[in-house]
Each structure stands twice: as C-alpha cells, then as structure tokens.
Amino acid sequence: MEQNHAKVKEIVEVKSGKVEVTLDEENILEFTKTYEFEGEKISTLDLSGLKDLTAETMIRAGNIMAQAGTAAVVPENNLHYALIIAADATGMPIEFFKKLNLRDAIQVKTRVTRVFYGLESN
C-alpha cells in the first residue's frame, strides 16, 4: 500500500526576500470517519495524484470495469469507475475504496469527476 495517510505538501515561495511556507491542503479529502485498512488508520486521502493521470489511466479503468462486469453509458459519472481512478491516483487498493461509507465514496467520486471536467480548484 503506497499511501497510508495523506501527506500535505508544502508550497515554498520567496516573497520580499523572505521564504514563506504554506500547506497545500486543496487536494486533501477528509473522511467523515477514520477507516482501518491493513492495520493502518486512515482519516484523510491525498488526491493530488489525479492531476498526473492520463487517458491511458481512463482506458485501464474502463477495462477493469468491463472485466468486473460493470457497464456504464458514461463511465466518468459511474462510482465504480471513479473509485478505480482514485485508486490509481493514490496508490491505494480498490478494496479500500469499496469499504468507504456512502458519503465518503461520493466525496471521492465528486473530486474525481471534477478533475475529469476541469472543475477542480487550482
């Protein structure tokens, strides 16, 4: 498991000759509860990896869905598809995402879908 806990990235800028460090929290999703998975307690998820995904990732997700027998007319709006994409972006296994409660699963889906359609805040 590559990602156990979200790691908040630091943004370092030099302003007026001074180094300023701020936290990049925009890609951190806070779950409604803490999950235990493979001996780890997980309450946040770093989704910054979504920005690095490619069309190949989407094709692979479609193939995984097809192998699982899941069909979707518009896969980008399908929960299973979004969770597969999130698993790829975070390095977490899909089994983790399948154990999320409904609200947290929809939060993940919403974040992934916003990236698909260019609606993420940057």
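I count a salt bridge when a side-chain nitrogen of Lys or Arg lies within 4 Å of a carboxyl oxygen of Asp or Glu. With that rule in hand, I get two salt bridges here. I keep in mind that this is a predicted model.

**Entry 1: the salt bridges**

I looked up Lys41 and found that Glu36 is its partner, with the closest N and O atoms 3.1 Å apart. Lys41 and Glu36 are both exposed.

Next I went to Asp88, whose side chain meets that of Arg60 in a salt bridge, 2.7 Å from N to O. This pair ties distant parts of the chain together: Asp88 sits in helix H2 and Arg60 in helix H1, 28 residues apart. Are these two buried, partly exposed or exposed? Asp88 has a relative accessibility of 34%, so I put it down as partly exposed. I give Arg60 the label partly exposed too, because its relative accessible area is 37%. Both labels rest on the cut-offs, since buried means under 20% and exposed means over 50%.

**Entry 2: the whole chain**

I stepped back for the overview. The chain holds four helices and four strands, and along the sequence I read them as β-β-β-β-α-α-α-α. There are 122 residues, and 34% of them count as buried.

I also checked which parts of the sequence touch. Taking contacts between residues at least 6 apart in sequence, I see that 56% join residues at least 24 apart. As for the outside, the chain exposes about 7,600 Å², and carbon and sulfur atoms supply 50% of that.

**Entry 3: helix H1**

I wanted to know whether the length of H1 fits its residue count. H1 covers residues 55–68, which makes 14 residues, and at 1.5 Å a residue it should span 20 Å; I find its end C-alpha atoms 20 Å apart, so the two agree.

Then I asked myself which residues of H1 are buried. They are Thr57, Ala61 and Met65. Because they cover an arc of only 80° around the axis, I place them on the same side of H1. The general rule helps me here: an α-helix has 3.6 residues a turn, so residues three or four places apart point the same way.

What do the buried residues of H1 pack against? I traced them to helix H2, residues 79–90. Over on the other side of H1, I noted Ala55, Glu56, Ile59, Ala66 and Gln67 as exposed. Just after H1 comes Gly69, where I read a positive phi of about 85°.

**Entry 4: the loop after H1 and a surface patch**

Val74 caught my eye in the loop between H1 and H2. Val74 has a relative accessible area of 38%, so I list it as partly exposed. It belongs with Val73, Tyr117 and Leu119 to a nonpolar patch on the surface. I note about 420 Å² of accessible area for the four together.

**Entry 5: Glu38**

Last, I looked for a positive phi on a residue other than glycine. Glu38 is one: its phi is about 50°, although it is not a glycine. Where is Glu38 found? I located it in the loop between strand E3 (28–37) and strand E4 (40–46). Its relative accessible area is 57%, so I mark Glu38 as exposed. Glu36 and Lys41, the salt-bridge pair from my opening entry, are exposed as well.

How values were computed:
Residues are numbered from 1 along each chain as its sequence is written. This is a predicted model: local features need pLDDT of at least 70, side-chain atom pairs count only at pLDDT 80 or more; totals for chains, interfaces and linings use all residues. Side-chain values use heavy atoms; hydrogens and water are left out. Helices (H or I, at least four residues) and strands (E, at least two) are DSSP runs, numbered from the N terminus. The expected span of a helix is 1.5 Å times one less than its number of residues. Buried means under 20% relative accessible area, exposed over 50%, partly exposed in between (1.4 Å probe, protein chains only). The arc is that of the directions from the helix axis to the C-beta atoms. Contact means heavy atoms within 4.5 Å. Accessible areas come from the Shrake-Rupley method with a 1.4 Å probe; for residues, only the protein chains shown count as cover. Patches are made of residues with over 30% relative accessible area and no salt bridge: like charges are joined within 9 Å, nonpolar side chains (Val, Leu, Ile, Met, Phe, Trp, Tyr) within 5 Å.
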